[in-house]
Amino acid sequence: MAQTTNISAASSFIKPVKAWWKSGNVMQIYPSSYKDTTGTGTGDIPGIQSKIPYMKDLGIDIVWLSPIFESPLYDMGYDISDYRQVDPRYGTNDDLLSLFSALHSQGMKCLLDLVVNHTSHQHAWFKEARSSRTNPKRDWYIWRDAVIGPNGERIPPNNWKAAFEGSCWEWDEGTGQYYFHLFLAEQPDLNWENPDVRGAIYEVMRFWMDQGCDGFRMDVINLISKNTTFPDAPITDPGQFLQNGFSPNGPRVHEFLQEMHREVCEHYDMMTVGEVPGTGPQEMLLFTRPERKELQMGFTFEHVEVGLNAMHRKVVDPWPLTAFKTIINSWQVTMEQGGGWHALYIENHDQPRSISRYANDAPEWREKSGKLLALMHMTLCGTVYIYQGMVNVPNTWPLEEFKDVETQNFIKALKERGVPDVEAMQKRVFAKARDNARVPMSWDASPNAGFSTGKPWMRVNDDYKEYNAKNQMDDPKSVRSFWKMMLKLRKEHESLIYGSFTMLSNDDERIFAYTRSGVDDNGTTLHYLVVLNFTDQPVTYHIPLDAENLGNASLVVDTYGEEVAILKDQVTLRAYEGVLYQLWL
Ligand code: ISL
């Protein structure tokens, strides 16, 4: 007989302290692609402000803006040249302050993107730093002498490969040294070892907090501390000089974040979420346990990296559902038991669309898949982050339509390496490409998807006439309507936010099932069951719960919008169908 779980007996779970930044629904906005009000083809801050009613209607409480600061846009604003100045493409500082006020007047909040592992090479700090070896700002960045090879040739200080290809070291002709960059050469890394650098960053944070910002999403914040000996990486790509060598979470990362907390965060009622690639759940606890006074939560990467090809990490291989489930389970359980907190996301500006990535974007399944993923996302423990959702762009688009430097550089590198069948590989790269998430928002069926009256900076999705926000709002059965319903429902059933998570049927390759258990304000224990069919076939699922009266469960949500009963201890789900029950144990 299959093993069963007794959740009512196991309900001595830890009850997290409630907070606005835990229950608030966050929406990430990619400013360039949200709404253009000036006809330039690039979205702007007044455009974002004009959509507050849309966000409010959806059930959004907190808006996170991807970078809107002055930038030469080598990496779409993740290369900032002035932390205190809104880029004129997006508007003015006054526009941003007006957006803060407009959001606040609706009871909403606004997070800015703090990109302080690196600046743009056009930031005044870097311009000063590279002006001479004796400039007072020289040490604000990381400089090293060249290694001289056997034939007198110049070799970078180590063999680390940068995130967007090429070496992590860029030669500076003017001063005869290399500077360090984990991303593009146009994104030199700041030297966090220097206390003046840290002080300057904290001032920037206070500058925006004092003007009405409500917190920060912190870009690659676990990369700020480096092993300052910069040791060579072991060879994992034989025959090449450059190797993947950088390890995140350097020796002083926690010390720096605790200092940031002391200097800035603890003085405000603010929200902090760190982007922490390469971090497992145990290490995440170090960042997020409240008593450590670092961050409130962090974006983890394991689930968005499921199935990545070991050699080419920009393409995805087939992956079993159990691999994905195992990752979600380990994070849910570790955060709960260790007293950390989750930042839940399945999409952002760096990831392909979730429907295409995790379910099925074929026309007959995209709506069902969207609702399935929404149900999963909204029934996990943590703070929910959502993003303007669609499916991937067609992989038949020519390479020029993919604007992102990551994709462009990667394809170039594949060609340089002489990888056979680059065409086929390119399509696989497109399926994972960040550009999928960066196309302009499809607002309606008018030209340019209602995004802009000018030529959009990036091609709009081909299907905008059918799939757009207006059509979705008008249709009570749309994916957007489902999200709206779920964003509200999650607040009404707080155990879905704060409750304990127990995965069921770990080895099942078709079904992802789990329970959530919590205590309401009256002290009553509540139990929920979620069953999600990740296949395109009907599945009859035996619920492995040690409970007499499963048949009394009340259906809270079915993604098909129909009645699905538990018969004794079984439920039959159609393709990509998901159900949420409240259990009466
Ligand atoms: O995008 C990725 C994989 O396709 C990641 O490796 C990404 O580079 C990593 O998550 C860091 O992302 C953040 O910092 C980058 C910027 O390009 C990303 O947009 C940002 O989210 C450098 O600032």
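This talk presents a predicted model of a protein with a ligand, covering the sheet, the ligand surroundings, the cavities and one pocket.

Good morning, colleagues. Let me begin with the sheet.

Eight strands make up an open sheet, and their pairing is parallel. Read across, the order is β13-β12-β11-β5-β2-β1-β15-β14. At the edges stand β13, residues 297–299, and β14, residues 343–344, each of which pairs on one side only. As general background, the strands of a sheet pair through backbone hydrogen bonds, either parallel or antiparallel. One pairing may serve as an example. Strand β1, residues 26–29, runs parallel to strand β2, residues 62–65, and four bridges join the two. Within this pairing, Gln28 has Trp64 of β2 as its bridge partner.

I turn now to the ligand. Which residues are closest to the ligand? They are Asp75, Asp219, His349, Asp350 and Glu406, out of 17 residues that surround the ligand. By class, this shell contains nine charged residues, five nonpolar residues and three polar residues.

Several side chains place polar atoms at short listed distances from ligand oxygen atoms. For Asp350, a polar side-chain atom lies 2.5 Å from an oxygen atom of the ligand. For Glu275, an N or O atom of the side chain is 3.0 Å from a ligand oxygen atom. For Arg217, the distance between a polar side-chain atom and an oxygen atom of the ligand is 3.1 Å. As for cover, the ligand taken alone exposes 500 Å², and the protein buries 89% of that area.

The next topic is enclosed space. In general, rolling a probe the size of a water molecule over the atoms shows where empty space is left. How many cavities of 30 Å³ or more does the structure hold? There are two.

The largest cavity has a volume of about 180 Å³. Its lining consists of 15 residues, and those nearest the centre are His303, Ile328, Leu344, Tyr345 and Leu380. At least two lining residues come from each of α9 (321–338), β14 and α11 (366–378). Helix α9 gives the most, with five residues. Here we meet β14 again, the strand already named as an edge of the sheet. By class, the lining of this cavity has ten nonpolar and five polar residues, and no charged residues.

The second largest cavity holds about 40 Å³ of space. Its lining is formed by Tyr30, Pro31, Ser32, Ser66, Pro67, Met76 and Tyr90. Five of these residues are nonpolar and two are polar, while none is charged.

Finally, I come to a pocket. The second largest pocket has a volume of about 710 Å³. It is lined by 32 residues, with Gly389, Met390, Gln472, Val479 and Arg480 closest to the centre. Two or more lining residues come from each of α3 (52–58), α10 (354–358), α11, β15 (383–387), α14 (469–474) and α15 (479–492). Which element supplies the largest share of this lining? The answer is α11, with five residues. Helix α11 also contributes at least two residues to the lining of the largest cavity. By class, the pocket lining has 15 nonpolar, ten polar and seven charged residues.

To close, I return to three points. The sheet is open and has eight strands. The protein buries 89% of the area that the ligand exposes when taken alone. The lining of the largest cavity has no charged residues, and the shell around the ligand has nine. Thank you for your attention.

Methods:
Residues numbered from 1 in each chain as written. Predicted model: local features only at pLDDT ≥ 70, side-chain atom pairs only at ≥ 80, totals over all residues. Heavy atoms only, no water. Pairing = 2+ DSSP bridges. Near = heavy atom within 4 Å. Polar contact = N/O pair within 3.5 Å; in protein donor to acceptor, adjacent residues only side chain to side chain. Areas by Shrake-Rupley, 256 points an atom, 1.4 Å probe, with all protein chains shown as cover. Nonpolar A, V, L, I, M, F, W, Y, C, P; charged D, E, K, R; others polar. 1 Å grid on protein atoms, 1.4 Å probe; cavity = no way out; pocket = protein on both sides within 12 Å on 5 of 7 lines; lining within 4 Å. Points joined across faces, edges and corners; volume = space filled by probe spheres on them.
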